[in-house]
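Reader: I would like to go through the contact between the two chains, and then the ligand. Please keep the answers short.

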Number of protein chains: 2
Amino acid sequence: MKKGNPFGTHRVINPEGALPQPAKKLDNTMEIYSNEILIDVQTLNVDSASFTQIKNACNSDENKIADMINEIVNERGKLQNPVTGSGGMLIGTVKEIGPDFPDKSLKVGDKIATLVSLSLTPLKIEEILKVNKSTDQVDIKGQAILFESGLYAVLPEDISEKLALAVLDVAGAPAQVDKLVEKDQTVCIIGGGGKSGILCTYQAKKKAGKDGKVIVIEYSEENAKRLKDMGIADEVIVADATKPVTVYEKINEITNGDLCDVVINNVNVEETEMSSILITKDEGVVYFFSMATSFTRAALGAEGVGKDISMIIGNGYTKGHADLSLQIIRESKQIRELFEKLYI
Amino acid sequence: MKKGNPFGTHRVINPEGALPQPAKKLDNTMEIYSNEILIDVQTLNVDSASFTQIKNACNSDENKIADMINEIVNERGKLQNPVTGSGGMLIGTVKEIGPDFPDKSLKVGDKIATLVSLSLTPLKIEEILKVNKSTDQVDIKGQAILFESGLYAVLPEDISEKLALAVLDVAGAPAQVDKLVEKDQTVCIIGGGGKSGILCTYQAKKKAGKDGKVIVIEYSEENAKRLKDMGIADEVIVADATKPVTVYEKINEITNGDLCDVVINNVNVEETEMSSILITKDEGVVYFFSMATSFTRAALGAEGVGKDISMIIGNGYTKGHADLSLQIIRESKQIRELFEKLYI
Ligand SMILES: NC(=O)c1ccc[n+]([C@@H]2O[C@H](COP(=O)([O-])OP(=O)(O)OC[C@H]3O[C@@H](n4cnc5c(N)ncnc54)[C@H](OP(=O)(O)O)[C@@H]3O)[C@@H](O)[C@H]2O)c1
Ligand SMILES: NC(=O)c1ccc[n+]([C@@H]2O[C@H](COP(=O)([O-])OP(=O)(O)OC[C@H]3O[C@@H](n4cnc5c(N)ncnc54)[C@H](OP(=O)(O)O)[C@@H]3O)[C@@H](O)[C@H]2O)c1
């Protein structure tokens, strides 16, 4: 049994020298290298942007969607949407573990969710069993490979699989909040009423403590009310984060001109960098989790208003992120109930 | 005389409610508000990413470059490259100071460099006098406006204007290196042979000390040799930062598998995120100063290889950055001589 590269470059067919994610085609032979694991796949959780694109291209016809997914995987050896570039994640059962795979606690038969994108995961589909258009999930018969550097979580027994999948998708965000926020700080969560936002709000309040202040900026009255009723934030402001001057004025007022130590951006729309920057105090931190963040807008924006702040790119991975996010679901009955309603 | 918004929103024509940097179009009427200053512009120092893009689009033809710069400024009221989003900075002479401008030490006739990007600075070009392809500098006849929150530096008397301009353009980078690098650390400067790269290399070595290790990755043999001769880095590697696997292998070897505590990315080309991520050790830091950085490539890339690292967006501003970068020129005779040769 040969040993592969930890990052999976041994499976890249083209272009040469690329890593699996940017690669055009992967070798999806379902015979493992000594540092890989083989997974019997049960469900693909297709990334929302990718699923929407495929669904639209297929006029919502389930058979056509299945054909298109098969085509992509046949061509690329992985489920990476050629239009959006994105993937998703999967759940399945461990079938074989290479002798050089580093985590010795994992056992054959364990049910896991992969925490690296499908856009870099070698995949072979034997049969598509069911396309679920309302949850973006596709049940299949097939197999996948996880590299030595690949991340996964063993699914917990006390949380339903689909709820776990929904939470694990954004696990990086609350884990970063846990690292960044200190006792008594003022924290603002922009888009705090969404999936990752609620988890961040909960964790920020836990870390900032009763003398800290957690402020949420939320777009819709409806989501804002839902969040207020849950009582996990100190203040909930309804505002449009693409309007920096308005947001700045509201936060300036609510903090008596002090602004925020830490700002977490969890929105799903463009052009919210300046709001995030303006409401951060001198030497404070902005954590951009939103994938709609523009690097240049943030870099030049902060300089443009003379703000000496740190701006962090939302790495989807931090050690312990899966456990921390699932722990929130165990701790907060309110969040669990809401997420069960929304995501199952 | 009317008073404007400190951030310059009163000059935004569209979209409404935006700040000057993300705005599509600024009002570049050269009549000041009471908290602005008017500058007689002498030279534009175009951002390297922007200049490279314009130069390539114009086949290096100086007249075409001049036309393209005129077009951009006519359309946007500011020199913001529509492809890269970036700008640059300028030097000029203070012509008029509004009565409400906060810094009362500034005088009409002072020669200053603006430290906020041209991508948010209202600019009017009367005539382009000279395009200098080797320094990315453009001499013009024209005027510009600085807002109340705008940063600037009065040009020092012991350093020539063009040298100061070249250095101030990238002042944020060595100042951040000064904050991030600690004694005895291993630091890699990607693109360390360029302008910001050399300043970062010098500052990194100063902070890491004699038991620290500063490694430079440089593309051309020529720049690498120049840097080796200067003796400011511990190791200079010739490699293409868009080839992550090669770069990783070289750094892995040179650091005996330890990788780097801090990685500074100073290149001016795309697709170097993965190299930066792969050579950073667990819990290390990547500082992306390069404007060619893609937010999503960095965020998904780190997750894809399971790297628990902090990735920082290169804020062009940090307190004291102008002084720190000019100080390097005063301290290092070698850097001064090289920069005088390259940028004057
Ligand atoms: N960095 C990573 O590794 C990673 C991983 C996964 C996801 N993400 C990104 O994280 C982001 C959030 O994901 P999610 O699943 O939490 O999304 P979500 O549940 O859709 O939440 C987005 C939130 O942003 C709010 N919002 C939208 N426009 C707004 C505006 N103009 N002003 C203020 N709030 C606004 C939404 O409010 P309304 O509902 O009221 O409109 C919603 O509460 C996405 O951009 C996603 O791509 C990043
Ligand atoms: N964040 C901010 O506020 C801010 C402010 C100003 C500038 N910047 C950005 O900072 C970056 C650097 O600016 P600069 O003025 O220092 O540019 P520069 O002098 O042109 O330096 C760029 C360096 O990158 C090297 N390079 C290019 N391609 C490479 C590759 N494939 N592999 C390895 N090295 C490579 C170049 O080497 P060769 O010469 O050998 O090709 C050169 O040494 C630019 O992207 C600029 O936009 C950011």
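Reader: How many residues does the contact take from chain A and from chain B?
Author: The model is predicted, and a residue is counted here if its heavy atoms come within 4.5 Å of the other chain. The contact takes 51 residues from chain B and 47 residues from chain A.

Reader: What is the area buried between chain A and chain B, and which three residues of chain A supply more than any other three?
Author: The size of an interface is often given as the accessible area lost when the parts come together. Between chain A and chain B that area is about 4400 Å², with 65% from carbon and sulfur atoms. Of the part that chain A buries against chain B, 17% is supplied by Phe295(A), Glu303(A) and Ile313(A).

Reader: How many residue pairs are in polar contact across the interface, and which element gives the largest share of the side of chain A?
Author: There are 14 residue pairs in polar contact between chain A and chain B. On the side of chain A that touches chain B, two or more residues each come from α7 (244-254), α8 (273-278), β13 (280-288), α9 (295-304) and β14 (310-313). The largest share, 10 residues, is given by α9(A).

Reader: How many salt bridges cross the interface, and with which residue does Glu283(A) form one?
Author: The rule finds eight salt bridges between chain A and chain B. For Glu283(A), the closest N and O atoms are 3.5 Å apart, which falls within the 4 Å cut-off. The partner is Lys319(B).

Reader: What relation holds between chain A and chain B, and why do the copies meet through the same surface?
Author: A turn of 179 degrees with a shift of 0.4 Å along the axis lays chain A on chain B with an RMSD of 2.2 Å. Of the interface residues of chain A, 98% are also interface residues in chain B, so the copies meet through the same surface. The relation is that of a two-fold axis.

Reader: Which residue of chain A comes closest to the rotation axis?
Author: Two copies of a chain are related by a rotation about an axis and a shift along it. Going by C-alpha positions in chain A, the closest approach to that axis is 2.4 Å, and the residue is Ile312(A).

Reader: Where does ligand 1 lie, and how far is its oxygen atom from the side chain of Ser220(A)?
Author: Ligand 1 lies between chains A and B. Of the 24 residues around ligand 1, those that come nearest are Lys195(A), Ser196(A), Glu218(A), Ser220(A) and Asp240(A). An oxygen atom of ligand 1 is 3.0 Å from a polar backbone atom of Val267(A). From an N or O atom in the side chain of Ser220(A), an oxygen atom of ligand 1 is 2.7 Å away.

Conventions
Residues are numbered from 1 along each chain as its sequence is written. Chains are lettered from A and ligands numbered from 1 in the order in which they are written. This is a predicted model: local features need pLDDT of at least 70, side-chain atom pairs count only at pLDDT 80 or more; totals for chains, interfaces and linings use all residues. Side-chain values use heavy atoms; hydrogens and water are left out. Buried area is the accessible area (1.4 Å probe) that two parts lose on being put together, summed over both. A salt bridge is a side-chain nitrogen of Lys or Arg within 4 Å of a carboxyl oxygen of Asp or Glu. A polar contact is a pair of N or O atoms within 3.5 Å; within protein, one must be able to donate a hydrogen and the other to accept it, and residues adjacent in sequence count only if both atoms are side-chain atoms. Helices (H or I, at least four residues) and strands (E, at least two) are DSSP runs, numbered from the N terminus. Copies are superposed by least squares on the C-alpha atoms of residues with pLDDT of at least 70 in both. A residue is near a molecule or strand if one of its heavy atoms lies within 4 Å of it.
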